[in-house]
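Student: Can we walk through this protein together? I'd like to learn how to read what's on the screen.

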Amino acid sequence: MNLLHFSPLRFSSSPAALHFAKFTPLFSSCPTSHRVWLRSRQLNRTAGMASAAGEGTSAVAPSEGRVSGAADSPRLKLEELNWDHSFVRELPGDPRMDHMPREVLHACYSKVSPSVEVENPKLVAWSQSVADLLDLDPEEFERPDFSKLFSGATPLVGASTYAQCYGGHQFGTWAGQLGDGRAITLGEVLNSRGERWELQLKGAGKTPYSRFADGLAVLRSSIREFLCSEAMHGLGIPTTRALCLVTTGKYVVRDMFYDGNPKEEPGAIVCRVAQSFLRFGSYQIHASRDKEDLKLVRLLADYTIKYHYPHLENLQQSNTLSFDVAEGDLPAIDLTSNKYAAWAVEVAERTASLVARWQGVGFTHGVLNTDNMSVLGLTIDYGPFGFLDAFDPSYTPNTTDLPGRRYCFANQPDVGLWNVAQFATALAAAELLNKDEANYVMERYGTKFMDEYQSIMTQKLGLTKYNKQLISRLLNNLAVDKVDYTNFFRLLCNVKADATVPEKDLIAPLKAVLLDIGKERKEAWVGWLQTYIEEVISSGVPDEERKVTMNSVNPKYILRNYLCQSAIDAAELGDFEEVRRLLKVMERPYDDQPGMEKYARLPPAWAYRPGVCMLSCSS
């Protein structure tokens, strides 16, 4: 049952497109069904900045993995970890246990052990905050056998390894079965706070889902995934985490640019950590098959709600989850009568909130296929990602995406909606949602995205209410002059709420980012700043208070691709110190960190060469 039709946005340089304030009607069904047109609502929030910040975190708090009371937590040895294996215990698995690539039917996973070859593996870096999530004693990272354990060469006591089965749409086309082609889950660890964390080795060898690939990963891509997982957490954006990164001591052949020039690169493995690695494609694959597999959609949905959305298990009218949908002849949707509809709405809202946060910090995922969309609303699968340097809404960090720029920065909100629509279609195929509920899932995505995005941009400007025209003009100016996105917002807090500042001095606080602009462009910026200062004055927030607030939402440090590349270049020569320094800087991106200023500099000329500013999916 395919209810959906989607044509990706064609990028426009108009202020409206830059402001991501247009959604197209993406969800339509058979002639008797209703169509939801997602509205771009101007909310003009009047709540204070602190209140808005609180609203922005509530929707995803269960998945962020922030540690409270970590200092009082037990410190465990690896052998003492409290393993649980709910996924393999409660869901059907593949009866075969070999690595042979094949179609896996009627199963959510295949039992498989790491098969990567290692030779004197070495620990490159590890995350203290992720170790805290697992109650893991930091001294464990000094064990002589640690690298062998986390390369998969030596089995971990208590682990029960498997690869997950899932499918997905890749660049808008159904690709059929995909699955964990080089990621092998070790199992789930229950910590002292009752949290469940799944550990996974990425690059640990072949699985039944490897197709024609080798199941391995290279140091280059593994460093990027390790660092960005932790950098995104530092930014406060929901993400999978990374416990550690080890080299295998072996080489892996990769054709980085798909140009027929493969070369050997050092191999590596990242231990990824998340409450779950379930994706939209985990449900899609079963919905795409016969009636027997449709039962797996419901079974997997029940499992997900039980362990990751338990508050939806026993809904009642008093839970205030019923909404009147004022959309023509759409009926009211009572979410308390269908836990699957309530769940789908929450998945959609978490996804919308996540994408809004990406837009706020200038993050471009690069490969937003449905198999790369977490059902928990986490950033997942770091491939050819990139943060904006010069503001360019059409920017894509993925060379494979260049022809159509489907996954460019400006398109992410609409692509997120399209992916949610595919997820809703899978649930509808299994009769977990009716068409009105599925339409309402789409509606909630659009509303949540605009709420979150407008709140985030209002906070970034240090204002107390949303001003659509002001923000649209700003984004247009940033694009025309190719201004560094991160550094601009970090410097903007230095603009004073003083209407008497002479025009010639208005752009002085921003001179480090407004480079080589002529008279006409200077006038455009002066005009915008005058309007901005009027808004700041009307807010009544003192300059110093506004500066503190703005610096808490506008990072000084982001994981620019050239910083990753510098760390990679050193690591490939055996020097891992830059990886470790970069990790420490990115753990506190909103702090000034005296002495670390070089990590906030504009990219050098060499940063724009192929393989740095843009990458392929080869890793």
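**Rings, cores and cysteines**

Tutor: Let's start with rings: Phe391, Phe409, Tyr485, Phe488, Phe489, Trp525, Trp528 and Tyr532 are joined by ring pairs into a cluster. Keep in mind that this is a predicted model.

Student: Which residues does Phe488 contact, leaving aside neighbours within four places in sequence?
Tutor: Phe488 is one of the residues in that ring cluster. Along with Trp343, Phe488 has the most contacts inside the largest nonpolar core, which has 137 residues. Skipping neighbours within four places in sequence, the contacts of Phe488 are Leu474, Leu478, Val483, Leu510, Val513, Trp525 and Trp528.

Student: Which helix gives the largest share of the largest nonpolar core?
Tutor: That core has 137 residues. Its largest share is 14 residues, and they come from helix α10, residues 339-361.

Student: And how many residues are in the other core, the one with Leu123 and Phe150?
Tutor: This other core lies apart from the largest one. Val189 and Trp197 are also among its members, and its count of residues is 36.

Student: How do the rings of Phe87 and Tyr303 pair, stacked or edge-to-face?
Tutor: A search of the whole structure turns up 29 aromatic pairs. For Phe87 and Tyr303, the ring centres are 5.6 Å apart and the planes sit at 85 degrees. Planes over 60 degrees apart count as edge-to-face, so this pair is edge-to-face.

Student: How many residues apart in sequence are the parts tied together by that pair?
Tutor: Both Phe87 and Tyr303 are buried. Phe87 belongs to helix α4 (residues 86-90) and Tyr303 to helix α9 (residues 291-308), so the parts they tie together are apart in sequence by 216 residues.

Student: What about Trp126: is it buried, partly exposed or exposed?
Tutor: Trp126 forms a stacked pair with Phe141, at 3.9 Å centre to centre and 15 degrees between the planes. Phe141 has a relative accessible area of 6%, so Phe141 is buried. Buried needs a value under 20% and exposed one over 50%; Trp126 has 26%, so Trp126 counts as partly exposed.

Student: Which ring does the charged end of Arg224 sit over?
Tutor: There are charges over rings to look for here. Lys460 lies over the face of Phe489, 4.4 Å from the ring centre. The charged end of Arg224 is 4.0 Å from the centre of its ring, which belongs to Phe385.

Student: Are the buried residues of helix α16 on the same side or on opposite sides?
Tutor: In α16 (residues 543-551), the buried residues are Arg546, Met550 and Asn551. An α-helix has 3.6 residues a turn, so residues three or four places apart point the same way. The buried ones cover an arc of only 125 degrees around the axis, which puts them on the same side.

Student: Which residues are exposed on the other side of α16?
Tutor: The buried residues of α16 pack against α12 (435-460), α14 (485-492) and α15 (519-539). Look at the other side of α16 for the exposed ones: Glu544 and Val548.

Student: How many disulfides are there?
Tutor: A disulfide needs two cysteine sulfurs within 2.5 Å. The cysteine sulfur closest to that of Cys244 is in Cys271, 4.9 Å away, so it is too far for a bond. Cys564 is in no disulfide either, with the nearest cysteine sulfur, that of Cys228, 6.8 Å away. The count of disulfides is 0.

Methods
Residues are numbered from 1 along each chain as its sequence is written. This is a predicted model: local features need pLDDT of at least 70, side-chain atom pairs count only at pLDDT 80 or more; totals for chains, interfaces and linings use all residues. Side-chain values use heavy atoms; hydrogens and water are left out. A nonpolar core is a set of buried Ala, Val, Leu, Ile, Met, Phe, Trp, Tyr and Cys residues joined through side-chain atoms within 4.5 Å. Buried means under 20% relative accessible area, exposed over 50%, partly exposed in between (1.4 Å probe, protein chains only). Helices (H or I, at least four residues) and strands (E, at least two) are DSSP runs, numbered from the N terminus. Contact means heavy atoms within 4.5 Å. Rings of Phe, Tyr and Trp (its six-membered ring) pair if their centres lie within 6.5 Å; planes under 30 degrees apart count as stacked, over 60 as edge-to-face and the rest as tilted. A charge sits over a ring if NZ of Lys or CZ of Arg is within 6 Å of the ring centre and within 35 degrees of the ring normal. The arc is that of the directions from the helix axis to the C-beta atoms.
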